[in-house]
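Subject: The structure for you to look through

Hello,

Here is the structure we talked about, together with its sequence, and I would be glad if you could open both before you read on. My notes on what was found follow below.

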Amino acid sequence: MEKKLRVGILGATGMVGQRFIALLENHPWFEVVTVAASPRSAGKTYEEAVGGRWKMDTPMPEAVKKLVVLNVNEVEKVASTVDFVFSAVDMTKEEIKAIEEAYAKTETPVVSNNSAHRWTPDVPMVVPEINAEHFGVIKDQKKRLGTQRGFIAVKPNCSIQSYAPCLAAWKEFGPKELVVTTYQAISGAGKTFKDWPEMEGNIIPYIGGEEEKSEKEPLRVLGKVENGQIVMADSPKITCQCVRVPVLNGHTAAVFINFEKKPSKEELIEKLVTFKGFPQEAELPSAPKQFIQYLEEENRPQVTLDVNYENGMGVSIGRLREDSIYDYKFIGLSHNTVRGAAGGAVLCAEALTAKGYIQAK
Ligand SMILES: NC(=O)c1ccc[n+]([C@@H]2O[C@H](COP(=O)([O-])OP(=O)(O)OC[C@H]3O[C@@H](n4cnc5c(N)ncnc54)[C@H](OP(=O)(O)O)[C@@H]3O)[C@@H](O)[C@H]2O)c1
């Protein structure tokens with residue numbers, strides 16, 4: 001790319017916003033030129049606005065420290081400085097829906113981490129290895145919005161990344177029924193142990209809204225484009241329990257699965273480790289070389305050993321074995337704030353750029 005695309009981050013001071021800042025440092029295609037947050041932060045430098053809230057392992061990049069934070073709600077002003085934006089604001093669903101549409105209508109593509117538009121029929125919800133062809137609905141969305149280049153694309157919830165990729169890899173065997181339990185990290189709630197000390201040594205058996213997302217979102221990702229809308233797949237049936245556990249980063253899933261045509265264990269592993277999609281074919285900058293790894297050791301995947309596989313962009317699967325009630329059971333792990341949030345959105349933006357949907361204004 002001759003000249004980098006100018007990027008704005010909405011919600012730049014939050015947990016996911018900070019992850020965007022960290023991931024985009026030295027990105028070959030994108031440069032963060034604008035950071036925006038609530039009116040509380042607007043007018044301060046990024047360094048002042050974040051203050052002691054910086055939660056990344058790497059230091060705050062020098063290039064953003066002195067950027068003056070803009071107010072997310074001043075849409076025209078923010079949009080005039082960038083080619084596209086990543087959205088990670090925390091507002092009500094209705095407010096997020098409205099503000100993301102307002103950005104799109106300024107002819108600014110929005111790649112969103114939020115759930116607000118995940119069920120808008122002409123908004124693609126994409127894991128680029130699985131359903132990059134869903135970006136095809138953007139032309140219909142632009143008609144609705146009356147835009148030439150502005151649109152919204154979203155990535156799915158962090159909880160599904162530890163098992164939904166397997167369903168795509170195993171498609172030919174007809175995944176029929178899934179019973180899933182997720183063990184979810186506290187960073188998924190935007191927290192560390194410092195700001196959520198009650199989570200130390202604790203388990204909380206409830207994460208608001210998460211079970212419904214975990215059961216339904218995989219079906220939208222596995223769905224197809226029909227008459228300018230995404231139509232959900234009608235299988236597999238998924239039931240899920242989501243549990244918050246005392247882990248900083250990394251969502252684990254324990255899964256039982258039935259198939260239409262029961263394959264052998266070797267066939268299942270072969271399909272996982274050879275599974276790839278558009279990011280690998282197009283060699284996108286953030287694409288994991290191997291999306292899914294299979295670990296043979298019986299005590300893997302482990303959060304501390306495996307969460308950063310492929311820089312947090314890959315998925316680790318292990319303990320695949322036959323079950324006495326279901327066909328098989330297995331364990332999956334993915335990084336919730338990298339692949340499950342900012343990293344997944346960066347990969348979507350790279351795919352959208354490679355396919356010509358995002359260009360310099
Ligand atoms: N954490 C995860 O792993 C994860 C995964 C998937 C999806 N998400 C979703 O991503 C979004 C951000 O999550 P987070 O964990 O990064 O939240 P967070 O740490 O609380 O950050 C929220 C961001 O939104 C801004 N904001 C809050 N109220 C605002 C308002 N009224 N107007 C404009 N900006 C406002 C904040 O700005 P100030 O600093 O100025 O207050 C901050 O930049 C949420 O919708 C969350 O559900 C999070």
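Before the notes begin, one definition is needed: the helices and strands named here are DSSP runs, with at least four residues for a helix and at least two for a strand, and they are numbered from the N terminus. Please also keep in mind that this is a predicted model.

With that in hand, you can place Glu 283, which lies in the loop between helix H11 (278-281) and strand S12. Its phi is near 50 degrees, a positive value in a residue other than glycine.

Two other loops each hold a proline that follows a cis peptide bond. In the loop between strand S9 (229-231) and strand S10 (237-244) you will find Pro 236, which is joined to Ser 235 by a cis peptide bond with an omega of about 5 degrees. Pro 301, for its part, sits in the loop between strand S12 (292-295) and helix H12 (303-306), and the cis peptide bond that joins Arg 300 to Pro 301 has an omega of about 0 degrees.

Next come the empty spaces. Rolling a probe the size of a water molecule over the atoms shows where empty space is left. The largest pocket holds about 1,100 Å³ of space, and among the 46 residues that line this pocket, Val 16, Ala 88, Val 89, Asp 90 and Asn 114 are the closest to its centre. Four elements give two or more residues to that lining, namely helix H1 (15-24), helix H5 (93-105), helix H9 (210-221) and helix H13 (338-354), and of these H1 gives the most, with 4 residues. By class, the lining of the largest pocket is made up of 15 nonpolar, 20 polar and 11 charged residues.

The second largest pocket holds about 540 Å³ of space and has a lining of 22 residues, with Arg 19, Ala 22, Leu 23, Asn 311 and Val 338 nearest its centre. Here the elements that give two or more residues to the lining are H1 and H13. The lining of the second largest pocket divides into 10 nonpolar, 8 polar and 4 charged residues.

How do H1 and H13 pack, and at what angle? Their axes are 9 Å apart, and the angle between the two helices is about 55 degrees. H1 and H13 are therefore oblique to each other, and H1 passes H13 in a right-handed crossing. On the H1 side, the residues that meet the other helix are Val 16, Arg 19, Phe 20, Leu 23 and Leu 24, while H13 brings Val 338, Ala 341, Ala 342, Gly 343, Ala 345 and Val 346 to the contact. Sorted by class, this contact of H1 with H13 has 9 nonpolar, 1 polar and 1 charged residues.

Finally, the structure holds 1 cavity of 30 Å³ or more, and the volume of the largest cavity is about 30 Å³. If you would like to find that cavity on the screen, look for Val 126, Val 127, Pro 128, Lys 155, Pro 156, Gln 161, Arg 339 and Gly 344, which line it. The lining of the largest cavity divides into 4 nonpolar, 2 polar and 2 charged residues.

Best wishes

Definitions and conventions: Residues are numbered from 1 along each chain as its sequence is written. This is a predicted model: local features need pLDDT of at least 70, side-chain atom pairs count only at pLDDT 80 or more; totals for chains, interfaces and linings use all residues. Side-chain values use heavy atoms; hydrogens and water are left out. On a 1 Å grid over the protein atoms alone, a cavity is a set of points where a 1.4 Å probe fits but cannot get out, and a pocket is an open set with protein on both sides within 12 Å along at least five of seven lines; lining residues have an atom within 4 Å of a point. Grid points are joined across faces, edges and corners, and a volume is the space filled by probe spheres set on the points. Ala, Val, Leu, Ile, Met, Phe, Trp, Tyr, Cys and Pro count as nonpolar, Asp, Glu, Lys and Arg as charged, and the others, Gly among them, as polar. Axes are lines fitted to C-alpha atoms, for helices over the stretch in contact, and angles run from 0 to 180 degrees between N-to-C directions. Angles under 35 degrees count as roughly parallel, over 145 as roughly antiparallel, 65 to 115 as roughly perpendicular and the rest as oblique. A crossing is left-handed if the near helix is turned anticlockwise from the far one by less than a right angle, and right-handed if clockwise. Contact means heavy atoms within 4.5 Å.
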